[in-house]
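The exercises below ask the reader to work through a structure one part at a time. Each task is followed by a solution in steps.

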Amino acid sequence: MNQDIEARKQELLNQGYTEVYTKTKVLTDAVMHYCPGCGHGTTHRLVAEVIDEMGIQDNVVGVSPVGCSVLAYNYFDIDFQEAAHGRAPALATAVKRLNPDTFVFTYQGDGDLAAIGTAETIHACNRGENITMIFVNNGIYGMTGGQMAPTTLIGMKSATTPYGRRVDINGYPLRITELISTLPGTYYVTRQSVQTPAAVRKAKAAIRKAFENQKLKKGLSFVEILSNCNSGWKMTPVQANKWMEDNMMPNYPVGDIKVDGKLVENVDVARLAVDHPLSVMQ
Amino acid sequence: MTEEIIIAGFGGQGVLSMGKILAYSGVMQDKEVSWMPSYGPEMRGGTANVSVIISDERISSPIINQFDTAIILNQQSLDKFESSVKPGGLLIYDPNGITHEPTRKDISIYKIAATAKAQEMGISKVFNMVVLGGFLKLKPIVDKQYIHEGLEHSLPQRHWGLIPQNEEAIEIGKGLIEPVQVL
Amino acid sequence: MAKELKLMKGNEAIARAMIASGTDGYFGYPITPQSEVMETLMAEKPWEETGMVVLQAESEMASINMVYGGAATGKKVATSSSSPGISLMQEGLTYLAGAEIPCLVVNVMRGGPGLGTIQPSQSDYFQSVKGGGHGDYQLYTLAPASVQEMYDFVFDAWDIAFKYRNPVLILSDGAIGQCMEKLYTRDYVPRWTEEERRKNAPWGTWGKPANRPHNIITSLELDSARQEVFNHKLQAKYAEMKEKEVRYEMLNCDDADYIFVAYGSSSRIAMKAMQMAREKGIKVGLFRLITLFPFPTKQLADVAKHVKGILCVEMSAGQMIEDVRLATECNVKTEHFGRFGGIIPTPTEVLEALENKIIK
């Protein structure tokens with residue numbers, strides 16, 4: 001199939017077309033099941049591009065979660081393991097320990113990484129496993145139909161918080177990224193987003209850095225990607241990105257939190273981890 | 001030959017290690033052996049006991065409730081195991097702290113004042129070997145040379161310097177054991 | 001390390017066999033009565049000698065999923081636990097079976113239900129052979145009855161696991177785990193080289209070379225029709241195990257009027273009761289299960305044809321007896337005798353049960 005596409009591409013180039021955008025070879029030709037406008041497709045591509053650019057396609061193992069990205073293994077043309085819900089960091093730990101020269105990454109959503117898999121996440125981070133964790137946070141359980149996630153904002157509606165998330169019932173949104181940044185085992189912790197070309201470029205640089213750290217055996221690198229879930233949020237993709245900027249970002253500020261094993265100076269992790277988030281219901 | 005033994009006393013009296021040295025000596029003589037401790041909460045500070053079987057044949061159950069020999073080092077163990085000695089079997093006990101003497105008429109009974117002797121000689125650490133010596137005097141089921149090998153395998157190498165003292169204690173025990181009732 | 005004669009606890013034998021059999025990794029979590037497995041591994045530091053990885057995980061869930069991740073790269077990876085911890089691992093086990101990942105899991109059973117006791121029990125039979133997790137799957141289940149078998153079955157487990165791409169369970173209990181017996185160790189089997197790994201586990205995920213499609217380890221199938229085809233494939237594999245990999249031992253069954261059926265430490269107690277019965281002139285034999293799955297159905301049925309009664313001896317309320325009755329199609333009087341909750345039956349009790357429940 002790849003060859004067919006290559007042939008077709010060559011044919012078009014011969015007819016005088018110019019190449020402005022091409023699929024990275026680390027992605028397969030499988031048609032992604034993600035909703036149009038969702039951040040997963042972009043994030044997949046960024047990870048795939050980094051793998052391609054680093055020339056490690058033959059020496060990388062991915063671990064997919066349970067959630068929207070459960071089928072990530074169909075889209076990456078690399079060896080892949082599909083984990084039980086929340087357990088991807090445990091799988092990745094063993095893959096890396098037994099194959100220390102192989103690049104290993106997990107790709108998880110907020111329910112998987114920050115609810116059912118909290119223990120595995122924290123302990124993999126705390127052991128300083130030399131792996132890369134990609135964490136896509138859209139504040140909702142997308143695959144099961146839009147239920148409350150650990151990262152669902154206060155006041156935010158979901159299938160299981162139809163009147164909005166209430167602190168007295170549901171507790172607070174979990175800032176897992178800030179939380180793990182306080183662990184000595186994490187070497188690089190950052191939060192990025194993929195809703196604009198500029199954000200995409202920054203996110204890609206962060207993912208590249210996370211894989212480069214692994215090459216240097218620096219410990220755990222953790223990249224959160226804020227994403228919209230337009231279908232779960234019941235908005236158009238454009239509305240959803242706007243809503244994300246207006247509501248998610250004040251609660252989940254984008255930027256590096258920990259670089260080269262040190263907390264970034266002007267980021268007050270303690271405040272971020274402890275302060276009550278704002279309500280979003282306006 | 002099959003010898004089924006229970007060794008019982010307080011935790012800290014070296015009950016388990018006595019059993020292990022005996023069992024390892026049996027292994028070195030290429031006999032079949034098993035060593036089955038009681039374990040669990042009762043181990044912590046309370047009584048400790050271990051069943052040791054040494055045999056020329058394949059051992060069926062390492063878990064047994066009737067014994068050829070009971071080696072008893074405190075009153076609780078005497079109360080618990082006196083009735084478990086097979087008729088015609090052997091009971092050895094240290095009289096230290098014993099207030100109710102054994103009463104069975106259908107078994108041989110010997111006593112060995114190992115606690116008192118070990119204290120007197122300042123060798124309390126190898127008290128259990130004194131007791132083992134008494135047993136081996138009556139039932140020489142393992143040859144002396146294999147006891148030496150059993151000690152080597154049971155003790156960490158850094159403690160091998162203590163082996164002569166252990167062997168000496170065994171010899172002391174052989175001289176110390178005395179009959180109470182012989183069938 | 002060469003062949004040696006040792007006195008060793010069953011749990012220590014498991015650990016030493018893992019090192020000696022070329023195991024690549026062990027991931028575990030402490031729980032009585034099997035903590036000596038990881039303690040021995042940590043004290044032995046096999047990573048210095050063979051390169052074997054040993055890691056204490058944060059939970060049994062993490063342990064079993066580390067087994068999943070590590071074993072999915074085509075390496076020999078093991079874990080061990082005891083009943084409550086094995087319950088926590090059931091999710092991982094069904095995923096391992098569903099993704100066809102060879103691995104070794106050791107259960108040193110203790111009394112339940114719940115937190116239960118820390119003393120020996122055999123009340124996890126159903127959990128082990130009837131699918132403790134969800135879905136139609138089987139674990140190849142070996143029941144060692146001696147310290148030597150604890151050791152040897154680790155080697156056997158790797159052969160079966162990779163031959164069938166299936167998890168193997170060694171189902172032991174606190175009695176065998178804590179008991180010391182004579183043991184002949186074996187010559188070390190070196191860990192697989194990179195080439196051997198690729199040859200023995202071509203399905204493994206270790207990094208996709210340019211000349212093969214990417215390997216995927218998953219138990220997910222969105223298409224029911226394809227899932228059914230896959231389930232048929234699993235069932236065919238289990239059928240082949242039933243045909244080729246059944247193991248059992250028969251003692252004095254030829255002239256027996258009555259037989260005990262038992263496995264693990266109960267079979268040792270039953271063996272003693274058999275000897276006591278023979279001394280009394282009662283012709284008793286012992287049919288010892290070595291594999292619980294596959295169950296020796298045909299072999300037991302053959303023996304049952306010429307006996308007057310069967311006493312199943314198991315430290316449970318009566319689990320294995322169901323498979324015994326299925327095997328004999330209830331054609332012979334079959335009763336259960338067991339103590340449970342951590343109580344070990346004595347040989348005398350077993351013999352009395354035979355006399356009272358079967359013979360009288």
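Two residues are taken to be in contact if their C-beta atoms, placed from the backbone, lie within 7 Å. By this criterion, 30 residues of chain A are in contact with 34 residues of chain C. The model is predicted.

**Exercise 1. The arrangement of the chains**

Task: establish which pair of chains has the most contacts, and how chain A and chain B stand to one another.

Solution. Begin with the pairs that touch: there are two of them, and the one with the most contacts is formed by chains A and C. Turn next to chain A and chain B, which no contact joins, their closest C-alpha atoms lying 30 Å apart. The other contact is that of chain C with chain B, to which chain C gives 21 residues and chain B gives 19 residues.

**Exercise 2. The side of chain A that touches chain C**

Task: find which elements of chain A supply the side that touches chain C, and describe the classes of its residues.

Solution. Start again from the count, in which 30 residues of chain A meet 34 residues of chain C. Strand 1 (60–64), strand 2 (79–82), helix 4 (88–98) and helix 6 (118–127) of chain A each supply at least two residues of this side. The largest share belongs to helix 4 of chain A, with eight residues. When the residues of this side of chain A are sorted by class, 16 are nonpolar, seven are polar and seven are charged.

The last step concerns the backbone pairing across this interface, where strand 2 of chain A and strand 9 (residues 216–217) of chain C run parallel and are joined by two bridges. Within this pairing, Phe80(A) stands opposite Ile216(C) in strand 9 of chain C.

**Exercise 3. The side of chain C that touches chain B**

Task: carry out the analysis for the side of chain C that touches chain B, and state in which sense strand 2 of chain B and strand 8 of chain C pair, parallel or antiparallel.

Solution. The contact takes 21 residues from chain C and 19 residues from chain B. On the side of chain C, at least two residues each come from strand 1 (5–9), helix 9 (174–178), strand 8 (180–184), helix 12 (264–279) and helix 15 (347–359). Helix 12 of chain C gives the largest share of this side, six residues. By class, this side of chain C consists of eleven nonpolar, six polar and four charged residues.

As for the strands, strand 2 (residues 32–37) of chain B pairs with strand 8 of chain C in the antiparallel sense, over two bridges. Here Ser34(B) stands opposite Glu181(C) in strand 8 of chain C.

**Exercise 4. The fold of each chain**

Task: for each chain, give the secondary structure, and judge from the radius of gyration whether chain B is as compact as a globular protein of its length.

Solution. Take chain B to begin with, which has six helices and seven strands and follows the pattern β-α-β-β-β-α-β-β-α-α-α-α-β along the sequence. Its radius of gyration is 15 Å, close to the 16 Å that the globule rule gives for 183 residues, so chain B is as compact as a globular protein of that length. Of the residues of chain B, 50% count as buried.

Chain A has twelve helices and ten strands. For its 282 residues a compact globule would have a radius of gyration near 19 Å, and the 19 Å of chain A agrees with this. Buried residues make up 51% of chain A, and its C-alpha atoms fill a box of roughly 60 × 40 × 35 Å along the principal axes.

Chain C has 15 helices and 15 strands. With 360 residues, a compact globule would have a radius of gyration near 21 Å, in agreement with the 21 Å of chain C. In chain C 59% of the residues count as buried, and among contacts between residues at least 6 apart in sequence, 79% join residues at least 24 apart.

**Exercise 5. Helix 1 of chain C**

Task: explain why helix 1 of chain C can be described as largely enclosed by the rest of the structure.

Solution. The cut-off is needed here: a residue is buried if 20 or more other C-beta atoms lie within 10 Å of its own. Eleven of the eleven residues of helix 1 (residues 10–20) of chain C are buried, so this helix is largely enclosed by the rest of the structure. Among the buried residues are Glu12(C), Arg16(C) and Met18(C). Following helix 1 of chain C comes Gly22(C), whose phi is positive, near 75°.

Methods. Residues numbered from 1 in each chain as written. Chains lettered and ligands numbered in written order. Predicted model: local features only at pLDDT ≥ 70, side-chain atom pairs only at ≥ 80, totals over all residues. Helix = DSSP H or I, 4+ residues; strand = E, 2+ residues; numbered from the N terminus. Rg over C-alpha atoms; globule rule 2.2 N^0.38 Å. Buried ≥ 20, exposed ≤ 12 C-beta atoms within 10 Å, placed from the backbone. Nonpolar A, V, L, I, M, F, W, Y, C, P; charged D, E, K, R; others polar. Pairing = 2+ DSSP bridges.
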